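Q: Please take a close look at the salt bridges in this model. Which side chains pair up, and where do the partners sit?

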Amino acid sequence: MKSAPHTPELLFIDLNNFAAYPTLAVGYLIRSLRDAQFKVRLLSPLALGVPAFTRDNPEGWKDQLIRRLYFSGNPIMSRSRDFLREQVSRWNSRPHPAMIAEVERAIAAKPAAILISSYLDHYEMCRFIGERAKAEGIPVLLGGPFFNLNRVTEQWLSLPGIAAIVGGEVEFELPQMVKALLAGDSLKGRAGVFTQDSDETVKPLLPLQNLQRLPVPDFTDFPWEKYPHKIIPLMSGRGCGWGACTFCGDVVSANGRTFRSRGLDAVLQELKQQSETHQSTDFIFLDIKLNSDLELWYGLIENIQRVVLGARWIATVHVNHLGDNGLDKDTLLAASKAGLTRISFGLESGSQRLLDTMKKGTKVEEAGDFLKHAYDAGISVRTSMMQGFPGETADDLRLTVEFIDQHEQYLDRIRLSRFKPLPDTPFDRLYQKQPERFPYMKHFSWDYKLARGLYQYMPPRDKEYRQQKNRLLKQVYQINCKALRDDASKFNGMM
């Protein structure tokens with residue numbers, strides 16, 4: 001009697017070390033591979049005790065001190081800050097000893113191939129994996145959300161041992177790629193696949209259509225016992241129904257290009273199945289904005305408690321001013337009753353002039369109404385804001401400070417960041433054509449390996465500008481020191 005043929009094992013290394021929930025993209029890809037009868041082993045940093053990435057942590061005086069240093073416009077401070085930030089970034093991105101040891105053991109077990117899911121700050125770990133795999137003759141396939149950008153991926157192709165880098169949504173393409181890899185065939189010439197011997201511009205892999213075909217992600221291998229709470233990630237669609245913000249990098253990432261909805265039935269089915277599988281009723285929607293498809297948004301509010309009794313969920317939305325956006329007072333109250341516990345949105349600025357320059361599609365007055373309605377409905381609100389957007393003036397900052405003064409009671413957390421140029425965004429295209437429009441951005445250059453613009457923002461040394469910025473930093477600190485109610489605190493730091 002013949003023995004059953006040996007099934008080769010794939011080693012899937014997920015370098016995205018989230019603190020509170022599994023990596024959604026990896027769950028999709030593992031399900032796709034297992035449906036194609038591949039044997040897959042997942043290596044997750046959190047399972048090895050590697051400290052997880054967190055954000056929006058409770059703040060103390062040290063956080064405010066670091067924030068003031070980070071946002072300082074003093075030229076001397078700016079140079080010192082940029083140097084220190086670079087050193088901290090290198091320290092944080094260094095390969096962790098526990099991961100190194102486990103990768104060594106996993107490669108010694110001779111997997112048939114290695115697949116890596118990586119963000120751009122994991123370059124050195126990818127180098128280590130590639131070198132070790134090459135020494136053992138094991139092919140490596142690398143992928144991540146920004147490898148669809150040619151100028152970014154070209155900086156990674158020199159990594160040793162990497163057979164190919166994949167840039168695109170490959171849930172239905174990956175099994176065939178892996179079969180070719182195991183057969184020793186080159187992946188050169190495939191759409192969305194970059195190889196070291198590519199001799200022409202790689203043809204992009206077009207965004208997936210008909211997302212109803214997507215399988216339910218497989219999270220069974222993730223270290224659920226390590227998460228503080230069982231929170232299940234999912235997306236109701238891909239891309240953004242607005243998609244016009246000048247600064248946004250999400251809409252140029254692999255799955256953010258063009259908006260596509262999965263439809264209500266598919267989302268409700270996944271909620272029910274994942275809840276039963278993982279014995280949890282807590283969910284995070286990772287959509288760029290969950291109210292992109294209003295039919296789905298309203299249907300979710302109406303039906304989620306029917307399919308998962310006791311469901312609690314959080315999401316990000318866009319407060320746009322073009323007709324119905326699903327964020328009126330009555331709808332938010334209904335959403336709260338349906339389990340919406342926390343909501344995030346991008347305020348960015350309290351200056352209408354600056355919002356229009358960003359092509360944000362938001363009216364300041366409507367953002368204020370949204371905050372009050374969400375607060376009255378009992379929903380915890382977190383917002384992102386930006387300082388130093390090109391052309392920002394003292395008056396823009398003053399308007400932002402006044403807006404926060406008027407709405408402080410409605411906000412639980414503010415994530416304030418400096419403007420960060422990203423390649424292939426509308427800002428990138430505008431800067432290439434008319435750099436003279438940005439006179440305060442000095443010494444600008446691109447670091448494509450990390451997909452970021454490097455510059456010094458040097459507006460005139462205006463006393464009023466500095467005063468308003470300091471007032472804003474104080475407001476952010478005061479808000480971020482607030483205690484959250486128990487049901488909201490469970491979801492803190494996840495958006």
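A: What follows goes through individual salt bridges and the burial of their partners. The model is a predicted one, and a search of the whole structure finds 28 salt bridges.

One of them is local to a helix. Lys272 and Glu276 are joined through their side chains at 3.1 Å, N to O. Both belong to helix H8 (residues 264–278), and because they are four residues apart, about one helical turn separates them. Lys272 is partly exposed, at 41% relative accessible area, and Glu276 is also partly exposed, at 48%.

Another salt bridge brings together the side chains of Lys360 and Glu348, at 3.6 Å from N to O. Lys360 lies in the loop between helix H11 (352–358) and helix H12 (364–376), while Glu348 is in strand E12 (residues 340–348), so this pair ties together parts twelve residues apart in sequence. Burial means under 20% relative accessible area; Lys360 has 6% and is therefore buried, and Glu348, with 5%, is buried too.

A further salt bridge connects Asp405 with Arg471, with the closest N and O atoms 3.4 Å apart. Here distant parts of the chain are linked: Asp405 is in helix H13 (residues 394–407) and Arg471 in helix H15 (residues 463–480), 66 residues apart. Asp405 is partly exposed, with a relative accessible area of 43%, and Arg471 counts as partly exposed at 39%.

Salt bridges can also share partners: Arg31, Arg34, Asp35, Asp218 and Asp221 are joined in this way into one network.

Note on methods: Residues numbered from 1 in each chain as written. Predicted model: local features only at pLDDT ≥ 70, side-chain atom pairs only at ≥ 80, totals over all residues. Heavy atoms only, no water. Salt bridge = Lys/Arg side-chain N within 4 Å of Asp/Glu carboxyl O. Helix = DSSP H or I, 4+ residues; strand = E, 2+ residues; numbered from the N terminus. Buried < 20%, exposed > 50% of the residue type's maximum accessible area, 1.4 Å probe, protein only.
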